[in-house]
Amino acid sequence: MKLAGECNCGAVTMSVSGEPSIISICHCTDCRRFTGHVSAYIIAFDAAEITGPVRGWTTRAESGKEAVRFFCPHCGSGVYARHIGEPRVFINGGLCIPGTLAPPTKEFWMRSAEPWDAAYPNTFAMEFQPLREPIPQRRLEWATAEGRCNCGQIRVGVKTIQHAVVCSCTTCRRFTGSISAYLAIVGRDDLEMVGRPKTWSSLAESGRRVRRMFCGECGSSIAIEHDARVEVYGGILPLGSLPPPEGQRFRQNVEKWAKAYPVA
Ligand SMILES: [Zn+2]
Ligand SMILES: [Zn+2]
Ligand SMILES: [Zn+2]
């Protein structure tokens, strides 16, 4: 197998060949926040060629292992992760050219999968241990859902989710590192944000200029800003607060084996 890709700004490139040791979907809360989607597509190789500057954020993963998650510090694209003391490279599939990814054989951390996001039929799906932290208590007064990035510097409160969609545009794929992105669409007045995300601005595939926000410290995906509204990357909001997506943008861009939204 050969895979290649680059981040949204082009500063980071990745290429890899050989047989992957894991092809998986991961629903752990760290992956949810890092990608901003409700799950991550992770493909592990013994080694990969990665060029350009990446920033790493070290954490104790929910498995108990110490892990470093790497992202492009300029555009916020998710790139890969490593476990300390282990040579393997866990590539974020969204970086790869759309359509080139093989179906997953495993799904991890089903206990933090959204109720409407069932495991793929042919995967070996595992629950693992219960949530290590309770669902966060609401502190922002009016928020109905309050979440945070992995390092906690950025907190987001959402009052009403007007619509929810899944976007599989190339920019969202690279930005999240997942094959799609869950987007909770909220009015500007229905969003409260504490902390200062980094922003990366680009011309969207719709032709409009949009700004994407991510945490400069831990790489978690936060939101897309348009003129009139904000689309919050759902992975940073608490488990269970996300309504099932009503539709999917750029469906043609996603692997044929991938789920279609809305889920039947
Ligand atoms: Zn970049
Ligand atoms: Zn952070
Ligand atoms: Zn998108």
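## Two segments and two domains in a predicted model

Over residues 3–117 the chain is 6% helix and 42% strand, with its end C-alpha atoms 27 Å apart. This description rests on a predicted model, and the stretch just named is one of the two places, residues 3–117 and 145–258, where UniProt, in an unreviewed entry, puts the feature "domain: CENP-V/GFA". The values for both stretches are set out below.

| Residues | Helix | Strand | Distance between end C-alpha atoms |
|---|---|---|---|
| 3–117 | 6% | 42% | 27 Å |
| 145–258 | 6% | 43% | 28 Å |

Taken as a whole, the protein has two helices and 21 strands, and its C-alpha atoms fill a box of roughly 50 × 40 × 35 Å along the principal axes. A compact globule of 264 residues would have a radius of gyration near 18 Å, and the 17 Å found for the protein agrees with that expectation. Buried residues make up 45% of the 264 residues, while 63% of the contacts with a separation of 6 or more join residues 24 or more positions apart.

The domain assignment divides the protein into domain 1 (2–125) and domain 2 (145–253), whose C-alpha centres lie 18 Å apart. Between them, 35 residues of domain 1 are in contact with 34 residues of domain 2. On the side of domain 1 that touches domain 2, at least two residues each come from helix H1 (29–35) and from strands E4 (40–45), E6 (55–60), E7 (66–71) and E8 (78–83); H1 gives the most, with five residues. The residues of this side of domain 1 comprise 15 nonpolar, 14 polar and six charged.

Conventions. Residues are numbered from 1 along each chain as its sequence is written. Chains are lettered from A and ligands numbered from 1 in the order in which they are written. This is a predicted model: local features need pLDDT of at least 70, side-chain atom pairs count only at pLDDT 80 or more; totals for chains, interfaces and linings use all residues. Helices (H or I, at least four residues) and strands (E, at least two) are DSSP runs, numbered from the N terminus. The radius of gyration is taken over C-alpha atoms; the globule rule is 2.2 Å times the number of residues to the power 0.38. A residue is buried if 20 or more other C-beta atoms lie within 10 Å of its own, exposed if 12 or fewer, and partly exposed in between; C-beta atoms are placed from the backbone. Two residues are in contact if their C-beta atoms, placed from the backbone, lie within 7 Å. UniProt positions are given in the numbering used here, feature names are shortened, and annotations may be inferred rather than shown by experiment. Domain bounds come from an automatic or database domain assignment. Ala, Val, Leu, Ile, Met, Phe, Trp, Tyr, Cys and Pro count as nonpolar, Asp, Glu, Lys and Arg as charged, and the others, Gly among them, as polar.
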